[in-house]
Structures are given as structure tokens and as C-alpha cells.
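Welcome! Let's take a short guided walk through this structure, one piece at a time.

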Amino acid sequence: MTGDELGKGRRLIPRQRGLAQSVEGEALGLPRSGEPMPVNVDAAHPPWKELMEEVVAPENIARAMKRVIANKGSPGIDGMTVGELPEHWRRNGRLLREQLLAGTYKPTPVRRVTIPKSGGGERELGIPTVTDRLVQQAILQVLGPRYDAGFSPHSHGFRPGHSAHDAVLEAQSYIQEGYDWVVDVDLERFFDRVNHDVLMGRLAKKIEDKRMLKLLRGFLNAGVMLNGVVIDQEEGTPQGGPLSPLLANVLLDEIDKLLEARGHRFVRYADDCNVYVRSKRAGERVMATMRKELAKLRLRINEAKSAVDRPWNRQFLGFTFRDRGRQTRRRVSPRAVEKAKDRIRELTNRNRGASIPRVVNELATYLKGWLQYFGICQVPRPRRLLDKWILARLRLLQVKQWKRGTTAYPRLVALGAPEPAAIHTAQHLRRWWYAAHSPGAHLAMPRAYFARLGLPQLAPR
């Protein structure tokens, strides 16, 4: 066994009190993950037969319907909205229950939509019909607790009681221990390349209800509606349905078990996996092993985005780390800052025509969510610089809305700017960015001015 291995068995990382546990919701697509699941399943010996009876149980359907309605979401190819679901189930629930119990329920093709990815390009989503989302959610509530009981404690994505913060804190603890090389594994189009046969083989190892296996295969093979034509899906599990995260964890749990058996320190959040080792050579060996094992699952590593490197040169879930002597500190990654700036530019666009109070209100909603996620950063400088940049954007917006120096001058004086500074700013009003950074604009619109309008401060005071 190498120096990078700890021996057999799992290694639990205690959470930091008052940090990860206090995070609720999924701000910016993160951090608290997973759907609420019932706790009346015997984790040691969960039953895997007659699962469909549990799926169609009235209390399970009621809980699933409540979750689907709360999640809102767009209609599928049939155009039905979540608001129409209760009445639809009232009229057709008996027939749907019979179909599920008989194993004759047939999922509908998903509606294909694309959304921009933060790193460039587009991500394809498959939006199931509202009825299919209800059925998937009901299945998730039955299968989720059974599978979750056996998942690795180092897997944090889309699991109840786990969060992105937990993953980041665990990664930081490894670096602090001296495992300061990371094998950063990015899977190439993971959700699009999931092999149906491989996944069904893993599911069949535990699920004994043939109706459930048939239904899960039906969801995988439902196809995609694109421009009115149904395209068959031979691989992939469309992102957009409640079941996709669970199916991904079932497949990748095999990799988790391998890493655990070899004693590696690792963290996984969905398809983002980081393994921490003591040397570059050890990291290269782990990367070679990962390629080999992932190939068995018919998956490939994205070589352009994966690497063996120092943790502070990589980003993980929007965070990176700063090594200062004996202390490893969390910081927001440069890419996450640029992503935030892109959104702030949209909200403070000079051509929107929105009033400053309205812009600040919308900006505050976004920044509070951003701060809820990135508030655990221990390096304040990136957030301090972002605070200054936001104030400059708001001053720029206000200066442009005044349009003329004759309008700006009395407004600046009324806001508290000395007359000489107000005159200087008004004379250079057409040089928008210069005017926004002038002493007159700073004195008239300090941080406290925007704070009174409700703008939160990102950096600690």
C-alpha cells in the first residue's frame, strides 16, 4: 500500500459546526441537495420487492404531488402545467395506479431544451411531462432511502442531509492534512453518455420488482421530442427529471466503492470527483485507474477539463483554496466571480430603463443567494473587490440616468456632494465610467446610500 492510501474501509469527515449544517435551500443551483425522503425504511435490510405498491400508496402520491407542485417547472410535450396536476390526478389517478401496478404505464418522450453552461457551450435538458414527473418523484421517494443508506459518505451530490458545502469542507480537510495534489476528474457529457444496459444491470442487482425495472427502463428509453419528431435515446439519462440524480449516483457509486477500498481520500458531488494525494506521481496513477474503471461503465474522462494539479490551481463547486503556510483557506474561484459579474451586468444594464431602487432590489435578491453559498469563503479580498465593482456599476447606472450635467449637478449636491466635486462630475457626465468613479459620485452615493436601499455587502465588515 502506498503512502497515499489509508487502508480499507470508509473514512468519515466530521462537519464543522454551524457551517455546512446551517445551509438550507439550493442557492445558485446548490448547496443543499436531494429531495425529502421518508425515514420509515429499515436501512440495514430494506425490502426490494413489491416496490410499486409503495409507489402508488396514497400518502406517497400526495407527498410526491406536493413536491412536484413546489418545484414548479415548465410543461412537457403535452403542455400540462403543474397547476393542472391535482385535477388531472383526481380524474385519471385510478387508471394511472392500475397501469403502474400492472406494469403497463408508458412514459412520454421528454421535451428538449438547452441552457447556457457557465464554462461556455450549452447543456441539454429533458423536461418530462408533469404526470411523468409525479411518477418519477413517487419512485424517488421509495428508492431513494434504500439506495442512499448504502452510498459513500464522501458522495454529497443530490442526497438528503448532504450539501456542496460539505463537499468543499471535506476537500479542504484533506488539503490541510497534506494531501495537496488533486486528481480533478471531469466526466465527458456524463448525463448524455450513461449506458442504459450498464445502469439497468446495476439497478437489477437490488431491485427485485420486475415492474419497477421495466418502468425505469421505460423512462430511459422514452426518447426526446424535437421539432415534433420523437428521437429514440440509446444512451443517457436526461437532466430535468427527479430520478436523474439518483440514477447517476447509483452508477457512480461503483467508483466510490473502488476508491474507498483503496483507502483514497476523495470527494464526489454528482459527476464532479476530486481525489487528494500527496504527490503528482500518485495522482497520475490514480488518474490512470479512473480511466480504466470508468471505461468499464462506458464513461469517458474529459481530458481537456481534467488534470492532476495543485488544488489552488483548480476549482471545485465554485470554490478554490489558498495555501498560506500551515493553513488552508477557502476562497471563491475566479470563474465564479466572473459568472457573478455576468449576472450583475445583466441586472445593472444601462439600457434597461429601470429605476435605481428597482435595480437594487433585484440585485439584492441575487446577491443574498450568492452570499448564502459563498459566505463560507475565508479569503475576503475577492468579495471585497466585487463589492467595489458593484458600487461602481450602480453609480454608473445612476449617472447615465441623469443624462445631462444640468440634471446631475443639483442631484449630486442634494445627495451630499460638495459643490466643487459635484461640478466636476457634472462636467464629465458623458464620460460615464469616469464620472461614476469621480469624487462627486463617491461622496453623493457612498456604500451607505445603497445600503439604505437594501444592497447587501458581500465582504465581511
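How many bridges join strand 3 to strand 7? There are 6 of them, and the two strands run antiparallel. Please keep in mind that this is a predicted model.

## The sheet

Strand 3 and strand 7 belong to an open sheet of 4 strands, with antiparallel pairing and the order 6-7-3-8. At the edges you will find strand 6 (265–269) and strand 8 (307–309), each of which pairs on one side only. From one strand to the next, the twist averages 15°.

Strand 3 covers residues 181–186, and 3 bridges join it to strand 8, again in the antiparallel sense. Asp184 is a good residue to look for here. Ala307 in strand 8 stands opposite Asp184, while in strand 7 the bridge partner of Asp184 is Asn274.

## The hairpin

Now follow the chain through strand 6 and strand 7. These strands form a hairpin with 2 residues between them, and they pair in the antiparallel sense over 5 bridges. In the turn, Ala270 has a positive phi of about 60°. Asn274 turns up again in this pairing: this strand 7 residue is the bridge partner of Val267.

Is strand 7 largely enclosed or left open by the rest of the structure? Of its 6 residues, 5 are buried, so strand 7 is largely enclosed.

## Helices on the sheet

Which helices pack on the sheet? One is helix 5 (residues 164–176), which touches strand 6 and strand 7 (272–277). The direction of helix 5 makes about 160° with that of strand 6.

Another is helix 10 (residues 280–296), which touches strand 3, strand 7 and strand 8. The direction of helix 10 makes about 20° with that of strand 3.

## Two nonpolar cores

In soluble globular proteins, nonpolar side chains tend to be buried together. Here, the largest nonpolar core has 66 residues, and the members that touch the most others are Ile139, Leu143, Leu203 and Ile207. Helix 4 (residues 130–148) gives the most to this core, with 9 residues.

Leu203 is worth a closer look. Leaving aside residues up to four places away in sequence, Leu203 touches Tyr147, Leu213, Leu216, Leu247 and Val250. There is also a second, separate core, made of 58 residues, with Val168, Ile344, Leu367 and Met445 among them.

Note on methods:
Residues are numbered from 1 along each chain as its sequence is written. This is a predicted model: local features need pLDDT of at least 70, side-chain atom pairs count only at pLDDT 80 or more; totals for chains, interfaces and linings use all residues. Side-chain values use heavy atoms; hydrogens and water are left out. Two strands pair if DSSP finds at least two bridges between them. Axes are lines fitted to C-alpha atoms, for helices over the stretch in contact, and angles run from 0 to 180 degrees between N-to-C directions. Contact means heavy atoms within 4.5 Å. A nonpolar core is a set of buried Ala, Val, Leu, Ile, Met, Phe, Trp, Tyr and Cys residues joined through side-chain atoms within 4.5 Å. Buried means under 20% relative accessible area, exposed over 50%, partly exposed in between (1.4 Å probe, protein chains only).
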